[in-house]
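Please open the structure in the viewer and keep the sequence panel visible. The tour proceeds by successive selections, each followed by a description of what is found there.

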Amino acid sequence: MMNDQIIAQFRKTMPPVFAATALDKLTGNALRWATLQNRRGKNFKGNNMVPPSECFRYDGARKVLIVRDVLLDWWVSTWL
């Protein structure tokens, strides 16, 4: 399966917005929530390996939501 097909399949099967804790399951562990949390930390600031803040929304004080299309666009950009 080509990269474009993989992303198209994720866009087809993943909801537009979902709980961050569901990321591992929705991507078959291709993307991991723990890894994204680490990349959001201070050690990765200022490079393309950090997902943009637009990927994340907050529901209340603690629940993090992920915006599918923004996340997938970022992920594709890391393949180049």
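**The sheet and its helical neighbours**

Begin by selecting strand 1 and strand 3 (residues 63-67), which pair in the antiparallel sense over 3 bridges. The model is a predicted one. Within this pairing, select A19: its bridge partner in strand 3 is L65.

Next, extend the selection to the whole sheet, an open one of 3 strands in the order 1-3-2 with antiparallel pairing. Its edge strands are strand 1 (17-19) and strand 2 (56-59), each of which pairs on one side only. On average, neighbouring strands of this sheet are turned by 35° against each other, direction ignored.

Now add helix 4, which packs on the sheet and touches strand 1 and strand 3. The direction of helix 4 makes about 65° with that of strand 3.

Then display helix 1 (residues 3-13), which packs with helix 4 at an angle of about 165°, the axes lying 11 Å apart. Because angles over 145 degrees count as roughly antiparallel, helix 1 and helix 4 are roughly antiparallel to each other. Helix 1 passes helix 4 in a right-handed crossing. To view the contact, select I7, F10 and R11 of helix 1 together with R68, D69, L72, D73, W75 and V76 of helix 4. The residues of this contact between helix 1 and helix 4 comprise 5 nonpolar, no polar and 4 charged.

Finally, select S77 in helix 4 (residues 68-77). S77 is partly exposed, with a relative accessible area of 28%. A distance label between the C-alpha atoms of S77 and N48 should read 7.8 Å, the two residues being 29 residues apart along the chain.

Technical notes: Residues are numbered from 1 along each chain as its sequence is written. This is a predicted model: local features need pLDDT of at least 70, side-chain atom pairs count only at pLDDT 80 or more; totals for chains, interfaces and linings use all residues. Side-chain values use heavy atoms; hydrogens and water are left out. Helices (H or I, at least four residues) and strands (E, at least two) are DSSP runs, numbered from the N terminus. Buried means under 20% relative accessible area, exposed over 50%, partly exposed in between (1.4 Å probe, protein chains only). Two strands pair if DSSP finds at least two bridges between them. Axes are lines fitted to C-alpha atoms, for helices over the stretch in contact, and angles run from 0 to 180 degrees between N-to-C directions. Contact means heavy atoms within 4.5 Å. Angles under 35 degrees count as roughly parallel, over 145 as roughly antiparallel, 65 to 115 as roughly perpendicular and the rest as oblique. A crossing is left-handed if the near helix is turned anticlockwise from the far one by less than a right angle, and right-handed if clockwise. Ala, Val, Leu, Ile, Met, Phe, Trp, Tyr, Cys and Pro count as nonpolar, Asp, Glu, Lys and Arg as charged, and the others, Gly among them, as polar.
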